[in-house]
Amino acid sequence: MSVSSDTSPEQGQVLHAALVRSLAALPPRAAVAVALSGGIDSVALALVARQVCNETEHPLYFFHVHHGLYAQADAWAAHLQVFANDLDTPLFLRRVAVEQDSGLGIEAAARNARYLALTDLAATQDVKAILLAHHRQDQAETVLLRLLRGAGVLGLGAMHADVLRGALRLVRPWLEIDRDALVAQTRAYTERSGWEPITDPSNLDAQFARGALRAELIPVLEARWPAWRQTLTRHAKQAQETSQILDEVAATDWQALEPDLEGSSFSLQRWRNLSEPRQALVLRYWLNQQCVAMPGERRLAELMRQLRQLHALGHDRGLLWQHGVHRVQCLRGRVSLSSG
């Protein structure tokens with residue numbers, strides 16, 4: 001099993017220590033998995049995770065999602081099996097069909113399919129946390145993309161280091177670490193073993209938003225603002241702190257809306273007593289608590305417009321705000337959410 005590191009001691013220690021800190025939040029010996037695409041970043045995470053899990057006695061798995069978007073996908077899966085065998089770690093693969101006409105775009109549709117597959121794999125193997133190899137550059141790119149798409153403060157918080165989705169944790173231990181350390185880790189393994197990481201052609205494909213960013217905009221940023229990664233990741237951290245405060249405000253407002261036990265309905269009149277910004281804030285909080293994909297500004301504004309135009313007692317049966325499989329209605333002064 002070839003997992004020793006030929007990277008500089010400082011780089012290896014930084015990666016190792018960050019992962020140890022992240023796993024310390026889990027129960028002892030809880031099973032974890034690396035989301036393994038086979039690229040440089042996830043391979044580096046797999047290598048360090050193998051070391052750390054050996055030390056901490058966390059069972060480790062590798063999860064690979066086969067999107068089928070490229071002809072090489074089958075060859076990639078076989079290539080990853082060789083890697084997993086070398087590290088003596090079980091590899092589980094899940095094939096998904098990415099919706100080409102979902103209206104979300106191919107990147108978002110593939111991302112949704114990937115997270116659903118990872119969640120299913122985790123449930124099957126009783127995995128408590130999935131490790132993701134996102135690093136400082138990924139975080140900075142996410143902030144920039146969300147800024148260009150008009151995301152608000154909540155969106156500019158970008159990726160979080162530890163997120164609980166149902167019973168599953170998504171852990172990103174390296175969000176504040178430069179990619180150079182990950183590249184060195186994987187390169188050292190390649191030099192020892194001869195095994196090469198996978199190169200995903202979408203990474204620099206300008207037809208995808210992130211690919212266009214990397215191919216066309218980032219070279220300009222590197223030349224003109226070389227510290228752009230640190231600046232944007234600092235903004236993300238500040239936005240996350242702001243979001244936490246807003247969540248606390250929204251949670252307080254939510255309790256004042258007389259929610260039912262399931263949190264699926266609330267008092268229309270109580271909602272109307274809030275200021276407009278807090279009306280929007282508590283609606284986002286409600287939808288997030290109910291695991292509903294966050295609507296854009298226009299869709300949310302439409303819901304708020306309909307709620308404000310309802311009869312004071314909420315007897316109007318004309319309100320029907322549809323969002324994917326979810327719908328919001330109002331009856332006898334109670335605003336409710338249902339699906340199906």
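Which residue of strand 6 does R165 stand opposite? In this predicted model, the partner of R165 is L168 in strand 6, and the views below place that pair in its setting.

**Figure 1. Overview of the predicted model.** The protein contains 12 helices and 10 strands, and buried residues account for 46% of its 340 residues. When contacts between residues at least 6 apart in sequence are considered, 69% of them join residues at least 24 apart. The surface that the protein exposes amounts to about 17,600 Å², of which carbon and sulfur atoms supply 52%.

**Figure 2. The open sheet of six strands.** The strands follow the order 3-2-1-4-6-5, and their pairing is mixed. Strand 3 (91-95) and strand 5 (162-165) form the edges, each of them pairing on one side only. On average, and with direction ignored, neighbouring strands of this sheet are turned by 25° against each other. Helix 2 (residues 40-56) lies across strand 1 (32-35), strand 2 (60-66) and strand 4 (129-131), and runs at about 160° to strand 1.

**Figure 3. The hairpin of strand 5 and strand 6.** Strands of a sheet pair through backbone hydrogen bonds, either parallel or antiparallel. Here strand 5 and strand 6 (residues 168-171) run antiparallel and are joined by four bridges. Along this pairing, V163 stands opposite L170, while R165 stands opposite L168. Two residues lie between the strands, and G166 in the turn has a positive phi of about 65°.

**Figure 4. The largest nonpolar core and the surroundings of L19.** This core has 37 residues, and those with the most contacts inside it are L19, F62, F83, L131 and W174. At least two core residues come from each of helix 1 (9-23), strand 1, helix 2, strand 2, helix 3 (73-86), strand 4 and helix 7 (179-193). Helix 2 gives the most, contributing nine residues. With residues up to four places away in sequence left out of the count, L19 touches L45, V48, A49, V52, L131, P173 and W174. A second, separate core of 26 residues includes W254, L300, M304 and L307.

**Figure 5. Helix 9 (residues 228-255) along its length.** At 1.5 Å a residue, the 28 residues of this helix should span 40 Å, and because its end C-alpha atoms are 40 Å apart, the expected and modelled values agree. The buried residues of helix 9 include W228, R229, L232, T233, A236 and A239, and further along S243, A250, D253 and W254 are buried as well. An α-helix has 3.6 residues a turn, so residues three or four places apart point the same way.

**Figure 6. V335 and its contacts.** V335 has its place in strand 10 (residues 334-339), and it counts as buried because its relative accessibility is 0%, where the cut-off for buried is under 20%. Apart from neighbours within four places in sequence, V335 is in contact with S264, S265, F266, L268, W286, L307, V328, Q329 and C330. V335 and L307 are 28 residues apart along the chain, and their C-alpha atoms are separated by 8.5 Å. L307 also belongs to the second core, the one of 26 residues.

Terms used. Residues are numbered from 1 along each chain as its sequence is written. This is a predicted model: local features need pLDDT of at least 70, side-chain atom pairs count only at pLDDT 80 or more; totals for chains, interfaces and linings use all residues. Side-chain values use heavy atoms; hydrogens and water are left out. Buried means under 20% relative accessible area, exposed over 50%, partly exposed in between (1.4 Å probe, protein chains only). Contact means heavy atoms within 4.5 Å. Accessible areas come from the Shrake-Rupley method with a 1.4 Å probe; for residues, only the protein chains shown count as cover. Two strands pair if DSSP finds at least two bridges between them. Axes are lines fitted to C-alpha atoms, for helices over the stretch in contact, and angles run from 0 to 180 degrees between N-to-C directions. The expected span of a helix is 1.5 Å times one less than its number of residues. A nonpolar core is a set of buried Ala, Val, Leu, Ile, Met, Phe, Trp, Tyr and Cys residues joined through side-chain atoms within 4.5 Å.
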